[in-house]
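Student: Could you take me through one part of this model in detail? I'd like to see how a single helix sits among its surroundings.

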Amino acid sequence: MQVTSLEELKQIAKKANGEVIEIPGFDDMSVLNVKVKRVSLTDLVQCDVLPNILLLEIQKILDKKQKGHEMKGKEYERAVKNLEQFTEIVYKQALIEPSVGDFESVGLELNKVQKSMIAEYAIGDTSRLERFRAFRESLKNNSTSKEL
């Protein structure tokens, strides 16, 4: 086993200070490049930023979804409310630049899709970002083929 090198530490530090990701913009064809950081849900709970009870509710929702349980009625409404609250907390902790305040200062608010993509990235789920990138590439390829 080797000791972690200084170069590896620099790479870790660089990622810890945030990465630029692409999320959908405010119209169909635009994108926003935002700098975000990964967040630790454990740290958010320990610092009282994320209520532990909310984290437990989110875990129940994900367990039910994974088992194929379909939520209906009040259970579904409660799940949506909890997911929205969770997303709001996590995206605000993860977004570095432009900041939430930057968006507010120009009269913009990120929509649910934008917020959820940031939150998903922040907790380590990049699947939706990857699908978005693939979609953007397919649009670029289609426009290139039409120009020929």
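Tutor: Happily; here is a close look at helix α6 and the core it joins. This is a predicted model, in which local features need pLDDT of at least 70 and side-chain atom pairs count only at pLDDT 80 or more, while totals for chains, interfaces and linings use all residues. Residues are numbered from 1 along each chain as its sequence is written, and side-chain values use heavy atoms, with hydrogens and water left out.

Helix α6 covers residues 112–122; helices here are DSSP runs (H or I, at least four residues), strands likewise (E, at least two), numbered from the N terminus. Eight of the eleven residues in α6 are buried, that is, under 20% relative accessible area with a 1.4 Å probe, protein chains only. Among them are the polar Q114, K115 and S116, along with M117 and I118.

At the N-terminal end, N111 acts as a cap, with a side-chain oxygen 3.1 Å from the backbone nitrogen of V113. After the helix comes G124, with a positive phi near 100 degrees.

Now for the inside. I118 is, with V34 and L95, one of the residues with the most contacts inside the largest nonpolar core, which has 28 residues; such a core is a set of buried Ala, Val, Leu, Ile, Met, Phe, Trp, Tyr and Cys residues joined through side-chain atoms within 4.5 Å. Helix α6 supplies at least two residues of this core, as do β1, β2, α2, α3, α4 and α5, and α4 gives the most, with six. Beyond neighbours within four places in sequence, I118 is in contact (heavy atoms within 4.5 Å) with I23, V34, V36, Y91, A94, L95 and L110.

Technical notes:
Buried < 20%, exposed > 50% of the residue type's maximum accessible area, 1.4 Å probe, protein only. Polar contact = N/O pair within 3.5 Å; in protein donor to acceptor, adjacent residues only side chain to side chain.
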